[in-house]
Amino acid sequence: MIDWSGYLGLILQGAVVTVELTVMGSALALVMAFAAGLGRLSRFWAVRALATTYIEFFRGTSIFVQLFWAYFVLPFMGITLTPLQAGVLALGLNVGAYGAEVVRGAVQSIGREQYEACVALNLGRWQAMRHVILPQAFLLMLPTFGNNAIELLKATAVVSLISLTDMTFQAQVVRAQTGNTLVPFTTILILYFAIACVISYGMRALERRMARGLDGVRS
Amino acid sequence: DDSKLEQLKAQGFARIAIANEPPFTAVGADGKVSGAAPDVAREVFKRLGVADVVASISEYGAMIPGLQAGRHDAVTAGLFMKPERCAAVAYSEPVLCDAEAFLLKKGNPKGFQSYADIAKDPSGTIGAPGGGTEEKLALEAGVPRDRVIVVPDGQSGLKMLQDGRIDAYSLPVLSINDLVKKANDPSLEVVAPVVGAPVYCDGAAFKKGDEALRDAFDVELAKLKESGEFAKIIEPYGFSAKAAMSTTREKLCAAK
Amino acid sequence: MSQPIIKIDGITKSFGSFKVLDGLSLEVKPAEKLALIGPSGSGKTTILRILMTLESIDGGHIQIDGEHLYHMERNGQLLPADERHLARMRQKIGMVFQLFNLFPHKSVIENVTLAPMLTKGVKKADAEKRAMELLDMVGMADKAKSMPAQLSGGQKQRVAIARALALSPKIMLFDEVTSALDPELVEEVLNVMRKLAAETDMTMLLVTHEMGFAHDFADRVLFFDRGKIVEEGKPDDIFRHPKQERTQAFLRKIIAAGHRV
Amino acid sequence: MSQPIIKIDGITKSFGSFKVLDGLSLEVKPAEKLALIGPSGSGKTTILRILMTLESIDGGHIQIDGEHLYHMERNGQLLPADERHLARMRQKIGMVFQLFNLFPHKSVIENVTLAPMLTKGVKKADAEKRAMELLDMVGMADKAKSMPAQLSGGQKQRVAIARALALSPKIMLFDEVTSALDPELVEEVLNVMRKLAAETDMTMLLVTHEMGFAHDFADRVLFFDRGKIVEEGKPDDIFRHPKQERTQAFLRKIIAAGHRV
Amino acid sequence: MEWDWDFVWQIMPTLIQGVKITILATLLGSVLAAVVGLGIALARRSPNKLLSRPVGFLAEFIRGTPLLVQLYFIFYVLPDIGITLSPMVAGVIGLGLHYGTYTAEVYRAGIDNVPRGQWEAAKACNLSARQTWTQIILPQALPPMIPALANYFIAMFKETPLLSAITVLELMNQAKSVANSSYRYVEPITMVGVFFLVISLISVFALRWLERRYGRIG
Ligand SMILES: Nc1ncnc2c1ncn2[C@@H]1O[C@H](COP(=O)(O)OP(=O)(O)OP(=O)(O)O)[C@@H](O)[C@H]1O
Ligand SMILES: Nc1ncnc2c1ncn2[C@@H]1O[C@H](COP(=O)(O)OP(=O)(O)OP(=O)(O)O)[C@@H](O)[C@H]1O
Ligand SMILES: [Mg+2]
Ligand SMILES: [Mg+2]
């Protein structure tokens, strides 16, 4: 008789790793998204070029290649990361590149008249960005950020490539040990969906909170 | 120099890579790693003064790059010794030996006994792990690339055979036996050993440059074999201690 | 005659190959109330935007209060203005927009206090005290805590006026501040502006299609066409006895469309 | 007196919990020209949209030309109308929108010919001949091949009028057809509508804030407030001697805002 | 580890084999995703709740779970109920279904982006529902969708390495196989990266052109 409760426990351990990866990867992605997204709008040519290179590189190559590099090639350059660090790095940088375009798009979609009002009130560039543009743009970014976080969640399934015992990997282990395919894979499908639902519910709640009294921003 | 060993002693554990392939390795429902390869490694390292091993399950393809990148201190995963591999890593003396087997449909409808048989049948397809010995043997026997299906893991291979997607699935004998046992499927048949395929043995693989550690490992491994402990560890899993003791790294690495 | 507070000297401005302003010159006296009228596309908005430094100029000079706006004097030479110079000059000028441009994520009072606190380092308590005075003046004190989305167009525009006044500019620019409002809401905004015109000695430039209001409000009316001042004079002269053919045609059309003059 | 072409009988309409129309009744005679005026939100647009079947009603009855609009008679019973019945009734009604709603991917002439060809099976050549007559009438014949994006607002609105006329409806509905236009472009559209009013015997319902035009155009003016007709009468009576307090207040505001009455 | 150019040239033909499979899978997957997406979008708009609700839930489910796991399901679990697909077919179906849930959103946005006034004008012109869709709504809704759709096809292209899990010999799988038998990893994997980057950059330029040509939606 197969000890299912034990093996489901294994899958749950994998779920913890998956959630860790998702949370930390999202945090890194958020930082990169703002850095690169605002970088692309910079006045300085060099900053723009740097941000564009980062974005195009990470959007252009596949996450598989990036993971492999972070884990197996970086050590040759003297940087040895734990599997979790490598996973977070690759996922965060990859999703951050997509998020950067969201940041840029949202900032640019704030009407020109808001910038003009800032000039007329004599606010400096950074003041205008900090107090007027970003607070409005952030609200526009939220839904897409939610989608990006779910994309990141799904991408964690490929980290088994670098020996991280995430949920999909544990399902593979259970499958090899028990010879049963249906149970482990159905379990993780449901778990992935549950986590995705939590993310999108949380994002919508945050959006509602921030949008209070603000119909003007989201048209 | 033994600085590597000293370092492992100091930190109290060695990191080893293992495969997700019973009975070379097994993962209990409690998550505990056992199986022939890690058990031997654990015992030898203990005798070397390294209290514990931390095992991480790894894809076959990721093992050697992981070793080279310094992610594991050793690979104990049924990675059979072959001349090219001996050039890429530093092997210990042999630990687990096994021959190759085919898993086939009942009655072996196409009559496959060797890799060459598959090469001769223009519609014959064979499944094997990517980068594994079996893939290489099949290709060397003349099976064209598009008839060698790269299968990610044993259960997938089994499933593909059951679903009629491949005609044969090749793994070491004990792995195939374990699969068949778990599948409990009377419509399958095993051909073991495959005709003309050599017997292979694996060893613990170390990074090039860690030969000192490897040599220390060999010393303790030899003692283990002599004491009969070795047989006690691996025979419950179905492996033969005699096979491992009757050959040497030198022979296996030189074999063509 | 006192020194002009605004002195525009032969400025030109093109968008692409289209010349919007072509050697325009104009002097405005302190405390003067000017109305700019003229057909769509004649460059009225462009003039205000240039004074607010929202557009740059291609040629010519502008002086505000005796100082160059787009140039700085350094060792007797005129150099293009840098951001610091522009920021200093902008302190003298405020602008109210057709579409209000309130900050939708800030409450009414935050809209008014934001700039004084950030650009002049005014303390929060002081900024709020002054903001309440201004909101009171435009009749919006009771909505200080509201968000812009909760206000009608006329209320938004009154807040926008208070916000511009909070920086105490010497010059105020108004660009069609009522044309996006429902007809019934126009009057409340015009009332605020009448009061402003009567009570302060700010210099005011007003672009409008409300000929009736331009007539009552302005000391002087400028009629623009194709980037040039075609005719100027006292409101009565321009509206009752326009001399130029183009002014007459324009006023005829406006009247026909149902607007009172 | 001839039979009314529109007979509205006690209709109600709510959006959520907000009652926009509350038991409204109205009769319109064939060829009559009606102007609907009143404050923002009073339900003027809603009435037109209900007649065009763009909104449904919650209660009451509407008859067009003696036939029920939202109901069908079957064996002496009144059933809710199905899509076929609605489609047949819509043939009698045309509508011109505030924002024109031209089809941006079709040229001017295609905009005008599309509906007759698709809904009445008119041949292309015939549809185009008639379209050119209509475009000529609204002064747009020379722009027949243009795309809507190349037209000014006033031109767009004239095309929209031609498009609605192409189906030869008995009733035309106009919802603030000039309020999105630049003041100078208003007149060209109003001229077309004057011509239309004079030359055809279509029934016309017009919602407008242009009191001057309403006065000249309409046989009868209805003053709406909060979903009710508060006052109705000849233009002269309504505009010069309004009886109701609410009508007087409304007109005062409009006049103060600079509109001619 | 040294970079070895000779080795790179040696493995190039194998990798190019993989690229061909990758591109083929992407093209077929794109066609399927375009069709599936339209189906989902229309079903979700349907007034029939028995159709729109389940389809909506299914689409959300597919979108919230990893493609890798879905591929395992299609390839290894479906045969249990008698559906045995070849690796390529299973891969294309997986890609098509997964990305169909994305393209469905594009279709929805494109249709919603047609102003309400257009629906109303169509009604005032007395056009039928079918005429409204074919003559008024879709001609306006489709062109702006093209860049957004193309965007997803590029994303799909970059996810094809997942097909190696179901034994499709696409680029990544070929590279891993080469690497495993030669014990040289850096060159094959880096070359895979280069291939992806080059094809993506070309697609990005194509995309920019599409955006200029057709505009874009939200
Ligand atoms: N940013 C710009 N780029 C290109 N052309 C512009 C720009 N801003 C204004 N223009 C053009 O310059 C001309 C003058 O514009 P301006 O807004 O000053 O006119 P205006 O007199 O304010 O007209 P209106 O009464 O319609 O507001 C117009 O033809 C306009 O199209
Ligand atoms: N689709 C809708 N949903 C909810 N409320 C609506 C809707 N359409 C109209 N309303 C409300 O119904 C009321 C009457 O609207 P309607 O558009 O008929 O007014 P109106 O007299 O045309 O006003 P205006 O002069 O501003 O055009 C308004 O309060 C409006 O907010
Ligand atoms: Mg203007
Ligand atoms: Mg209305």
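Which side chain has an N or O atom 2.5 Å from an oxygen atom of ligand 1? Keep that in mind while I set the scene. Hi everyone, and please remember throughout that we are looking at a predicted model.

Let's begin with chain C. The answer to my question is C:Ser40: an N or O atom in its side chain sits 2.5 Å from an oxygen atom of ligand 1. C:Ser40 has company, too. Ligand 1 is surrounded by 13 residues, and the closest are C:Ser40, C:Gly41, C:Lys44, C:Thr45 and C:Thr46.

Other residues of chain C also reach oxygen atoms of this ligand. With C:Ser42, the partner is a backbone N or O atom, 3.2 Å from an oxygen atom of ligand 1. With C:Glu176, the partner is a polar atom of the side chain, lying 3.2 Å from an oxygen atom of ligand 1. How much of ligand 1 does the protein cover? On its own, ligand 1 has 640 Å² of accessible area, and the protein covers 63% of it.

Now, where do the surrounding residues come from? Two elements of chain C give two or more residues to the shell: strand 2, residues 18-28, and helix 1, residues 44-51. Helix 1 of chain C gives the most, with 3 residues. If we sort the shell around ligand 1 by character, we get 4 nonpolar residues, 7 polar ones and 2 charged ones.

Let's move over to chain D and its ligand. Around ligand 2 there are 13 residues, and D:Ser40, D:Gly41, D:Lys44, D:Thr45 and D:Thr46 come nearest. Here I'd like you to look at three contacts. A backbone N or O atom of D:Gly41 is 2.8 Å from an oxygen atom of ligand 2. A polar backbone atom of D:Gly43 is 3.0 Å from an oxygen atom of ligand 2. And D:Lys44 uses its side chain, placing an N or O atom 2.9 Å from an oxygen atom of ligand 2.

Taken alone, ligand 2 exposes 630 Å², and the protein buries 63% of that. Strand 2 and helix 1 of chain D are the elements that give two or more residues to this shell, and helix 1 of chain D gives the most, with 3 residues. The shell around ligand 2 divides into 4 nonpolar, 7 polar and 2 charged residues.

We have just met strand 2 and helix 1 of chain D, so let's see how they fit into the fold. Chain D has an open sheet of 4 strands in the order 2-1-4-5, with antiparallel pairing. Which strands are at the edges? They are strand 2, residues 18-28, and strand 5, residues 67-68, and each pairs on one side only. Strand 5 of chain D is joined by 2 bridges to strand 4, residues 59-64, and the two run antiparallel. You can find D:Gln63 standing opposite D:His68 in strand 5. Helix 1 of chain D packs on this sheet, touching strand 1, strand 2 and strand 4, and its direction makes about 115 degrees with that of strand 1.

Finally, let's zoom out to the chains. Which two chains share the most contacts? Among the 6 pairs of chains that touch, it is chains A and E. Chain A and chain D, on the other hand, do not touch, and their nearest C-alpha atoms are 18 Å apart. No contact joins chain B and chain C either, and there the closest C-alpha atoms lie 50 Å apart.

That's my tour. Thanks for listening!

Technical notes. Residues are numbered from 1 along each chain as its sequence is written. Chains are lettered from A and ligands numbered from 1 in the order in which they are written. This is a predicted model: local features need pLDDT of at least 70, side-chain atom pairs count only at pLDDT 80 or more; totals for chains, interfaces and linings use all residues. Side-chain values use heavy atoms; hydrogens and water are left out. A residue is near a molecule or strand if one of its heavy atoms lies within 4 Å of it. A polar contact is a pair of N or O atoms within 3.5 Å; within protein, one must be able to donate a hydrogen and the other to accept it, and residues adjacent in sequence count only if both atoms are side-chain atoms. Accessible areas come from the Shrake-Rupley method with a 1.4 Å probe; for residues, only the protein chains shown count as cover. Ala, Val, Leu, Ile, Met, Phe, Trp, Tyr, Cys and Pro count as nonpolar, Asp, Glu, Lys and Arg as charged, and the others, Gly among them, as polar. Two strands pair if DSSP finds at least two bridges between them. Contact means heavy atoms within 4.5 Å. Axes are lines fitted to C-alpha atoms, for helices over the stretch in contact, and angles run from 0 to 180 degrees between N-to-C directions.
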